[in-house]
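Hi everyone, thanks for coming. Have the sequence and the picture ready, and we'll walk through them together.

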Amino acid sequence: MPLVKVAQLSQLPPDSVTEVAVGDKFYAVCNVGGRVTALSGACLHRGGPLGQGAIHENHVVCPWHAWEFDCVTG
């Protein structure tokens, strides 16, 4: 898969998560302490929008049921 620019670094404040779409797929782009990573935007539990969640330490927290996913490994 080719790299696709989805945001400027200035749009990703430290310790935040942002939802982005590439084609018809959604991703959660995390900035944890200046390290930017991306993972699937759908929670494995009920399909919640991870990109609309929050960062807790190095995890993104699903806004629907608080499931946590490591921002690096998913």
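I'll talk about a hairpin, a pocket, a core and a few backbone angles. One thing to keep in mind is that this is a predicted model.

Let's begin with two strands, β2 and β3. They pair in the antiparallel sense, over six bridges. Together they form a hairpin, and two residues sit between the strands. Find G33 in that turn: its phi is positive, about 60 degrees. Right by the turn, V32 has R35 in β3 as its bridge partner.

Now stay on β2 and look for F26, which is in that strand. Is F26 buried, exposed or partly exposed? Its relative accessible area is 47%, so F26 counts as partly exposed, because that class runs from 20% up to 50%. Which residues does F26 touch, if we skip the neighbours within four places in sequence? The contacts are E19, V20, A21, S40 and G41. Take G41 from that list: F26 and G41 are 15 residues apart along the chain, yet their C-alpha atoms are separated by 4.9 Å.

Next, the largest pocket. The space in it is about 270 Å³. There are 16 lining residues, and the closest to the pocket's centre are V4, V6, V22, V29 and A38. Our hairpin strands come back here: β1, β2 and β3 are the elements that each give two or more residues to the lining. What kinds of residue line this pocket? By class, 14 are nonpolar, one is polar and one is charged.

On to the largest nonpolar core. It has 11 residues in all, including V17, A28, L39, I55 and F69. C43 is also one of them. Setting aside neighbours within four places in sequence, C43 is in contact with G48, L50, C62, W67 and F69. Among these contacts, L50, C62 and F69 belong to that core as well.

Last stop, the backbone angles. Most residues other than glycine have a negative phi. With that in mind, look at D15, which lies in the segment before β1. D15 is not a glycine, and its phi is positive, near 60 degrees. D15 is also partly exposed, at 48% relative accessible area.

Where is E57, another residue with a positive phi? You'll find E57 in the loop between β4 and β5. The phi of E57 is about 55 degrees, and this residue is not a glycine either. E57 counts as exposed because its relative accessibility is 61%, and the cut-off is over 50%.

That's my tour, so thanks for listening!

Definitions and conventions: Residues are numbered from 1 along each chain as its sequence is written. This is a predicted model: local features need pLDDT of at least 70, side-chain atom pairs count only at pLDDT 80 or more; totals for chains, interfaces and linings use all residues. Side-chain values use heavy atoms; hydrogens and water are left out. On a 1 Å grid over the protein atoms alone, a cavity is a set of points where a 1.4 Å probe fits but cannot get out, and a pocket is an open set with protein on both sides within 12 Å along at least five of seven lines; lining residues have an atom within 4 Å of a point. Grid points are joined across faces, edges and corners, and a volume is the space filled by probe spheres set on the points. Helices (H or I, at least four residues) and strands (E, at least two) are DSSP runs, numbered from the N terminus. Ala, Val, Leu, Ile, Met, Phe, Trp, Tyr, Cys and Pro count as nonpolar, Asp, Glu, Lys and Arg as charged, and the others, Gly among them, as polar. Two strands pair if DSSP finds at least two bridges between them. A nonpolar core is a set of buried Ala, Val, Leu, Ile, Met, Phe, Trp, Tyr and Cys residues joined through side-chain atoms within 4.5 Å. Buried means under 20% relative accessible area, exposed over 50%, partly exposed in between (1.4 Å probe, protein chains only). Contact means heavy atoms within 4.5 Å.
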